[in-house]
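Me: Could you take me on a close look at one loop in this model and then walk outward from there? I would like to see how the surroundings fit together, with the numbers kept in view.

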Amino acid sequence: MDELEHKYEVEIHETEDKQKLPDQLKKDLKEAGMMDDKGKLKLKGVSPKMLKRMKQEFVDCPVLKEKTQFIQCFMCPNFQSRVTGKVLCKGDSLK
Ligand code: SF4
């Protein structure tokens, strides 16, 4: 029983487009100490290379029913972990 309890396995996709973080998310990241005042992300244990990749990633969120940037997904209370190109998502309602 190593498996975490999760409802969805959400595939992670990559985009070439520049993804802009929503203002609310930036605020949350700053409050959590995960972004500096210049808007640079600082995630513990995540290398700059990985961070760059994360910025290009998104999921089709089954709860919000919309395209959601991986960084946002990573901050989401439903986020459990990331395994081999997938997010394990608790799937609880976010409203
Ligand atoms: S963790 Fe949150 S953002 Fe990510 S797929 Fe699940 S509900 Fe959507």
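**A loop and what lies around it**

Reply: Happy to! K65 lies in the loop between strand 2 and strand 3. Please keep in mind that this is a predicted model, with every value below computed from it.

Let's begin with the backbone. K65 is not a glycine, yet its phi is positive, about 55 degrees. Most residues other than glycine have a negative phi. K65 counts as exposed because it has 8 other C-beta atoms within 10 Å, and the cut-off for that label is 12 or fewer. The loop belongs to a hairpin of strand 2 and strand 3, with four residues between the strands.

The two arms of this hairpin are strand 2 (residues 57-61) and strand 3 (residues 66-69). They pair in the antiparallel sense, over four bridges. C61 on strand 2 has E66 in strand 3 as its bridge partner. Leaving aside residues up to four places away in sequence, C61 touches E66 along with V10, T68 and C73.

That residue is a handy way into the interior. C61 belongs to the largest nonpolar core, a set of eleven residues. The other members are V10, M54, F58, V59, F70, I71, C73, C76, V87 and C89. Strand 2, helix 3 (70-75) and strand 5 each give at least two residues to this core. There is a familiar background to this: in soluble globular proteins, nonpolar side chains tend to be buried together.

Now for the ligand. C61 is part of the shell around the ligand, as are V63 and L64. The rest of the shell consists of V10, V59, T68, C73, C76, N78, F79, V87 and C89. Two elements, strand 2 and strand 5 (86-89), give two or more residues to this shell. By residue class, the shell splits into ten nonpolar and two polar residues, with no charged ones.

Next, follow the strands away from the hairpin. Strand 2 also pairs with strand 1 (residues 8-14), again antiparallel, over three bridges. On this side, H13 stands opposite F58 in strand 2. Strand 1 in turn runs antiparallel to strand 5, and four bridges join the two. Here E11 stands opposite K86 in strand 5, and V10 has V87 as its bridge partner. So which side chains of strand 5 are buried, and which are not? V87 and C89 point to one face and are buried, while K86 and L88 point to the other and are not. In a regular strand the side chains alternate between the two faces of the sheet. The two buried residues, V87 and C89, are both in the nonpolar core and in the shell around the ligand.

Strand 5 leads on to another turn. Strand 4 (residues 79-83) pairs with strand 5 in the antiparallel sense over four bridges. R82 stands opposite V87 in strand 5. These strands form a hairpin with two residues between them. T84 lies in the loop between strand 4 and strand 5. Like K65 in its own loop, T84 is not a glycine and has a positive phi, here about 30 degrees. T84 is counted as exposed because it has 6 C-beta neighbours inside 10 Å. V83 in strand 4 is exposed too, because 10 C-beta neighbours lie inside 10 Å. Along the chain V83 and E9 are 74 residues apart, and their C-alpha atoms are separated by 9.2 Å.

Finally, step back to the whole chain. The protein has three helices and five strands, and along the sequence they follow the pattern β-α-α-β-β-α-β-β. Its C-alpha atoms fill a box of roughly 40 × 30 × 25 Å along the principal axes. The radius of gyration is 13 Å, which agrees with the value near 12 Å for a compact globule of 95 residues. Buried residues make up 18% of the 95 residues. Of the contacts between residues at least 6 apart in sequence, 58% join residues at least 24 apart.

Notes:
Residues numbered from 1 in each chain as written. Predicted model: local features only at pLDDT ≥ 70, side-chain atom pairs only at ≥ 80, totals over all residues. Pairing = 2+ DSSP bridges. Near = placed C-beta within 6 Å. Nonpolar A, V, L, I, M, F, W, Y, C, P; charged D, E, K, R; others polar. Rg over C-alpha atoms; globule rule 2.2 N^0.38 Å. Buried ≥ 20, exposed ≤ 12 C-beta atoms within 10 Å, placed from the backbone. Contact = placed C-beta atoms within 7 Å. Core = buried A, V, L, I, M, F, W, Y, C linked by C-beta atoms within 7 Å.
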